[in-house]
Amino acid sequence: MNIGNIWRKLKLIGLIFYVLCVIIFVGGLGFTTWIAMADGKSLTNSYTVNFLSLGIGLVSLPGAFIQLVRVAELNKKKTFKATTVCPKCRHKVDLTLSED
């Protein structure tokens with residue numbers, strides 16, 4: 001086995017572990033919310049309501065981080081590359097365009 005195959009398997013195992021953790025966390029949060037809605041007394045308990053609101057806020061943090069990264073990328077100068085044929089000599093020409 002070479003290092004490339006080992007690294008690929010480790011990344012796959014890490015991805016599966018991450019997906020399972022997210023599914024378990026969101027499922028547990030949904031189950032807790034369902035139990036709190038079914039039992040009216042737990043909604044008056046501030047611990048349950050605080051737990052649910054903090055859990056939902058925690059779930060939304062990755063989405064907020066992704067939005068911040070996308071805003072930072074909007075300010076980057078974009079570079080475009082194109083390949084075309086010269087109309088006079090019929091050789092391929094590489095064009096590179098960048099924003100000002």
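**Pocket lining**

I began with the largest pocket and sorted its lining by residue class: 7 nonpolar, no polar and no charged. I noted the names next: Tyr 18, Val 22, Phe 25, Val 26, Leu 58, Val 59 and Pro 62. I should record here that the model is predicted.

Which helix gives the most to this lining? I found helix 1 in that place, with 4 residues. Helix 3 takes part too, since helix 1 and helix 3 each supply at least two residues of the lining. I then looked up the space in the largest pocket and wrote down about 160 Å³.

**Overall form**

I stepped back to the whole protein. I listed 3 helices and 2 strands. Along the sequence the pattern reads α-α-α-β-β.

I checked the radius of gyration, which is 25 Å. A compact globule of 100 residues would have a value near 13 Å. I then took the span of the C-alpha trace along its principal axes, about 80 × 45 × 20 Å. For burial, I noted that 7% of the 100 residues count as buried.

**Confidence**

I looked up pLDDT before going on to side chains. The mean for the protein is 82, and 93% of the residues reach 70 or more. By element, helix 1 has the highest mean, 87. Helix 2, residues 40-44, has the lowest, 76. I keep one caution in mind: where pLDDT is low, the predicted coordinates should not be read in detail.

**Aromatic pairs**

I searched for ring pairs with centres within 6.5 Å. The count came to 2 aromatic pairs.

Phe 31 and Trp 34 make up one of them, with 6.1 Å from centre to centre and 40 degrees between the planes. I entered this pair as tilted. Why are Phe 31 and Trp 34 separated by about one helical turn? They are 3 residues apart in helix 1, which covers residues 3-38. I also checked their accessibility, and both Phe 31 and Trp 34 are exposed.

Tyr 47 and Phe 51 form a pair as well, with ring centres 6.5 Å apart. Their planes stand at 20 degrees, so I entered the pair as stacked; the cut-off for stacked is under 30 degrees. Both residues lie in helix 3, residues 46-74. They are 4 residues apart there, about one turn of the helix.

Is Tyr 47 buried or exposed? I read a relative accessible area of 61% for Tyr 47, so it is exposed. Phe 51 has 41%, so I put Phe 51 down as partly exposed.

Methods: Residues are numbered from 1 along each chain as its sequence is written. Side-chain values use heavy atoms; hydrogens and water are left out. Rings of Phe, Tyr and Trp (its six-membered ring) pair if their centres lie within 6.5 Å; planes under 30 degrees apart count as stacked, over 60 as edge-to-face and the rest as tilted. Buried means under 20% relative accessible area, exposed over 50%, partly exposed in between (1.4 Å probe, protein chains only). On a 1 Å grid over the protein atoms alone, a cavity is a set of points where a 1.4 Å probe fits but cannot get out, and a pocket is an open set with protein on both sides within 12 Å along at least five of seven lines; lining residues have an atom within 4 Å of a point. Grid points are joined across faces, edges and corners, and a volume is the space filled by probe spheres set on the points. Ala, Val, Leu, Ile, Met, Phe, Trp, Tyr, Cys and Pro count as nonpolar, Asp, Glu, Lys and Arg as charged, and the others, Gly among them, as polar. pLDDT is the predictor's confidence in each residue, from 0 to 100. The radius of gyration is taken over C-alpha atoms; the globule rule is 2.2 Å times the number of residues to the power 0.38.
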